[in-house]
Amino acid sequence: VIARINNDITLANFEMSVRQLLKDTEDLYWNLYLQYRLYDTAITARNSALKTWRDAKAKMDVGGIQNFKLSDEAQARDQYYQMKSATETAMNNILTTEVQIRRLIGLAVNDGKIMRPADEPTTAEYVPDWYMALTESLVNRVELRKQKFELKSLQLQLVAAESLTKPRLDFVTSYSVNAFGDTLIRQNDDDGTTTSGLKSGYGSLTQGDQTSWTLGAEFSMPFGFRSAKAQVRNYELLLAKQREILAVSEQEISHELAVAIQSLATHYRTAQTNFNRHLAAQQRVYLFEEELKVGTSTYDLLLRAQSSLADAQRAYYTSLIEYNKAITEIYFRKGTLLEHNNVHIEEGSWEPEAYNEALKRAWARSHALDADFLDTDPTEFIHHGPTGTISLDPYQQDENSTEVQTELPEIPPAPVEENSNLPAPPAAKVPYEEELLPEN
């Protein structure tokens, strides 16, 4: 049984390695998606800077117009080369991330093809239930399963060690067939002395007359059992240590899950904020472009607005990818990442006795009665929580409310001055309404 448990521990270690490989692969997948998005953003920013530089260069060639300075052309040219450098860096980041994925999953470093993610990151809000997530973590985490295997192995080793602290009484018996002779093989057994003839060894062996037998009991008891009892105390100490490790591991897993859920909510809120910032940056660029056409603005303000728009786009896609990686972290901490990605580890069936023993234990637990005089340490983690789900944003939740606030405020359009020749800018869109369609 101990050997079978050791095999289960080996399988648990293998499952932990597969799970970690899957998480690393998924994280790198989203990192590659992010690098492509950052590259697209850099391309857009470079093209905008190039267009602005060409416009400033054309004005400089004709001698300039009102509110135009020669430094505007130099500033536009500086920003163009800055954005061009960012584009080249973004392309290098794509290739570096692709090499990391190929190395992780065992592909050739260069096979004449490029990788580009086919899936889009989810934008729907994911609010996990704390009690259900905690239950799944304590049931599915392979670390706890491995720890319980080690605990069971030590329990059996303790039973084996305790058997050595008792006196030993053995029933012994033996039966022997003997052979005698001066020579090994001889046709004549007559030795001239005995009537049975012991001249030939094989001859006396085949006759079967020289037999003996014993029957009795042997009792042994070492004085003090010092070595055996020391071994028992050692296993008792190891067993207590493993039980404490199991309790601490369960508590640590609960903390890891709490941090993952908090990170999930934070990244979602950050993605919303950066999306609103992106919309505001777009309006800012639009307004400065229109003002520059009528001569009420400068190239400096437009270039600053274009740079801010690129930063807002990078921040939004970064926070969105971090949100999707946080979802992966939730499944990882719950121990359901393999099932979530449809990855299953197959192994052969156990012995029929193992299933019978498991069924007996299940019946015993089903018909067991609670012992009121015993206390559970740590306390039970399965209990009835509040109905509904709890908002993780303290600023959007009443004191006695348990509903999640998911409505997003609309962004009012930028005010337009009266008696202005500028056309009214387009109204801001509601975040996550068109660009970000929620998923079921």
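Contacts first: in the protein chain, 77% of those with a separation of 6 or more join residues that sit 24 or more positions apart. Keep in mind that this is a predicted model, with a chain average pLDDT of 81. Below is a quick tour of the fold, the confidence, the largest pocket and the second largest cavity.

**Fold and surface**

- The protein chain is built from 9 helices and 2 strands.
- Reading from the N terminus, the order of elements is α-α-α-α-β-α-β-α-α-α-α.
- The chain has 440 residues, and 32% of them count as buried.
- About 28,700 Å² of the protein chain is exposed, with carbon and sulfur atoms supplying 53% of that area.

**Where to trust the model**

- A pLDDT of at least 70 is reached by 81% of the residues.
- Among the elements, helix α7 (residues 299–334) comes out highest, with a mean pLDDT of 93, while helix α5 (residues 201–207) is lowest at 76.
- Residues 383–440 are the stretch to watch, as pLDDT is below 50 there. Even so, the model gives this stretch 81 contacts beyond near neighbours in sequence.
- Where pLDDT is low, predicted coordinates shouldn't be read in detail.

**The largest pocket**

- The largest pocket holds about 1,400 Å³ of space.
- Its lining takes in 36 residues, and those nearest the centre are Asp8, Arg145, Lys148, Phe149 and Trp350.
- Two or more lining residues come from each of α1, α3 (130–140), α4, α8 (337–340) and α9 (352–366).
- By type, the lining of the largest pocket splits into 17 nonpolar, 15 charged and 4 polar residues.

**Cavities**

- There are 2 cavities of 30 Å³ or more in the structure.
- The second largest cavity has a volume of about 40 Å³.
- Glu15, Met16, Arg19, Asn140, Val142, Arg145 and Gly335 line the second largest cavity.
- Which helices each supply at least two residues of that lining? They are α1 (2–61) and α4 (142–162), and α1 gives the most, with 3 residues.
- The lining of the second largest cavity divides into 3 charged, 2 polar and 2 nonpolar residues.

**Shared between the two sites**

- Arg145 turns up in both places: it is one of the residues nearest the centre of the largest pocket, and it also lines the second largest cavity.
- Helices α1 and α4 likewise feature in both, giving two or more residues to the lining of the largest pocket and at least two each to the lining of the second largest cavity.

Key: Residues numbered from 1 in each chain as written. Predicted model: local features only at pLDDT ≥ 70, side-chain atom pairs only at ≥ 80, totals over all residues. Heavy atoms only, no water. 1 Å grid on protein atoms, 1.4 Å probe; cavity = no way out; pocket = protein on both sides within 12 Å on 5 of 7 lines; lining within 4 Å. Points joined across faces, edges and corners; volume = space filled by probe spheres on them. Helix = DSSP H or I, 4+ residues; strand = E, 2+ residues; numbered from the N terminus. Nonpolar A, V, L, I, M, F, W, Y, C, P; charged D, E, K, R; others polar. Buried < 20%, exposed > 50% of the residue type's maximum accessible area, 1.4 Å probe, protein only. Contact = heavy atoms within 4.5 Å. Areas by Shrake-Rupley, 256 points an atom, 1.4 Å probe, with all protein chains shown as cover. pLDDT = per-residue confidence, 0-100.
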